[in-house]
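Student: I'd like to go through the pockets and the surface of this one with you. Can you put it up first?

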Amino acid sequence: MSPTLEAERATGAGEGDAAPIPLAERSPITAAPTARPSPSRLASLDAYRGFVMLLMASDALGVSLAARHFKESRVWQFLAYQCDHVQWVGCALWDLIQPSFSFIVGVAMPYSLASRRARGQSFQRLLAHALIRSLILIALGVFLRSMHSQRTNFTFEDTLTQIGLGYPFLFLLAWTRPRTQALALVGILVGYWLAFAAFPMPRPGFDFASVGVPESWPRLNGFAAHWDKNTNLAAAVDRWFLNLFPRPKPFAFNGGGYQTLSFIPTLATMILGLLAGNLLRSDWRGALKFLTFLIGGCAGLAGGYALDHFGICPSVKRIWTPAWVLFSGGWCCLLLATFYLFCDMAGWRRWAFPLTVVGMNSIAMYLLADGARGFVVESLRIHFGPNVFNFAGDAFADMVKMTICLIIFWLILWWMYRRKIFLRI
């Protein structure tokens with residue numbers, strides 16, 4: 001899991017300044033950021049961000065744990081599948097959280113730059129701010145991953161650090177025209193695909209257990225094996241890179257298959273968001289923007305599926321393959337289109353207020369969910385007894401626990417919202 005964003009308040013992963021909205025302030029879709037009056041916020045972006053943050057903070061409401069008590073129920077098993085990450089190839093709802101974080105960072109970037117330039121900030125100052133923000137995100141990601149370790153856990157595959165590593169490049173691209181941004185996107189996808197395809201696959205007799213791949217693991221076949229778990233290019237890079245840092249023992253593999261080098265295709269996801277942000281700030285009619293998102297979303301889904309289906313590139317979220325960039329990016333476009341339709345085109349915003357409260361203070365929600373959940377749970381048990389979560393039965397105890405925690409977190413953010421307290425990076 002993880003977070004990000006740039007719009008007025010950063011979300012769990014990354015941006016923190018203004019995330020204005022297009023209505024009052026338009027700019028040609030082909031133009032680089034220009035100084036203009038401070039724009040208003042984009043309601044759909046706050047709602048989308050809030051939706052993603054609530055998903056992350058909910059910890060799936062313990063659905064997967066409850067589903068273990070209902071193994072014969074197709075409904076419970078379907079919900080359990082959607083509330084967890086897929087093993088390797090494929091996609092579930094839970095796998096779309098991190099891409100949405102990254103995508104929203106890109107969407108918010110043009111608005112943040114416009115807001116800051118309207119306040120007279122120079123390129124040099126903005127660049128310095130982007131670099132500092134990048135370092136903070138990386139440091140925060142390492143800190144949160146080290147909370148339950150005996151020493152600093154130098155790992156760079158979580159959402160915060162992934163966005164932090166790519167953020168300076170996204171900032172520089174935001175000053176170019178959309179055509180340049182699109183070319184950068186294509187270059188990253190093609191170049192990353194070629195690098196993996198050229199990396200040699202394991203030879204016959206290779207000990208897969210030595211890199212954390214058990215005998216029962218459903219390994220990929222044929223050309224797709226270039227993207228198999230812990231035997232790919234990014235895994236080899238991490239066996240060199242992560243051992244440059246002090247560790248209790250040499251790094252051999254990541255148990256989940258996640259890799260540092262994934263920040264490169266994650267940058268591609270952010271560029272998709274950047275292109276979407278440029279479109280939102282353009283002077284195109286709202287209906288045309290909505291239609292473009294729909295077409296782009298469907299094209300992304302089709303492209304990612306085709307690459308996976310024909311064995312050209314498997315769609316793997318854990319190593320952020322080019323096929324995954326397209327497939328998840330398609331879902332991000334469709335989700336943004338939905339929120340844009342209801343919140344900004346139709347003007348129906350009251351229903352999204354609970355999401356907006358979270359979306360405008362996403363960094364706070366990220367920190368609460370990642371660092372305060374254990375404290376809240378133990379405090380409730382201390383004051384209300386060890387069985388405080390069992391009133392609905394043992395099967396639903398985890399669901400009750402996660403739901404109560406989520407409500408408490410939201411109430412804290414609502415209190416902050418009413419007092420205009422927003423955490424930024």
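Student: What volume does the second largest pocket have?
Tutor: Bear in mind that this is a predicted model. The lining here includes Ser 149, Arg 151, Pro 248 and Phe 251. The volume of the second largest pocket comes to about 210 Å³.

Student: How many charged residues are in the lining of the second largest pocket?
Tutor: Arg 151, Arg 247 and Lys 249 are among the residues that line this pocket, and Arg and Lys count as charged. By class, the lining has five nonpolar and four polar residues, and the charged ones number three.

Student: Which elements give two or more residues to the lining of the largest pocket?
Tutor: That pocket has a volume of about 330 Å³. Of its 16 lining residues, the closest to the centre are Leu 272, Leu 275, Ala 276, Gly 296 and Cys 333. The elements you're after are helix 7 (178-198), helix 9 (263-280), helix 10 (286-309) and helix 11 (322-345).

Student: And by class, how many residues in the lining of the largest pocket are nonpolar?
Tutor: There are no charged residues in that lining, and five are polar. The nonpolar count is 11.

Student: Is Trp 284 buried, partly exposed or exposed?
Tutor: Trp 284 sits in the loop between helix 9 and helix 10. Together with Leu 288, Leu 291 and Ile 295, Trp 284 forms a nonpolar surface patch with about 360 Å² of accessible area. Buried means under 20% relative accessible area and exposed means over 50%. Trp 284 has 33%, so this residue is partly exposed.

Note on methods:
Residues numbered from 1 in each chain as written. Predicted model: local features only at pLDDT ≥ 70, side-chain atom pairs only at ≥ 80, totals over all residues. Heavy atoms only, no water. 1 Å grid on protein atoms, 1.4 Å probe; cavity = no way out; pocket = protein on both sides within 12 Å on 5 of 7 lines; lining within 4 Å. Points joined across faces, edges and corners; volume = space filled by probe spheres on them. Helix = DSSP H or I, 4+ residues; strand = E, 2+ residues; numbered from the N terminus. Patch = residues over 30% accessible without salt bridge, like charges linked within 9 Å, V, L, I, M, F, W, Y side chains within 5 Å. Areas by Shrake-Rupley, 256 points an atom, 1.4 Å probe, with all protein chains shown as cover. Salt bridge = Lys/Arg side-chain N within 4 Å of Asp/Glu carboxyl O. Buried < 20%, exposed > 50% of the residue type's maximum accessible area, 1.4 Å probe, protein only.
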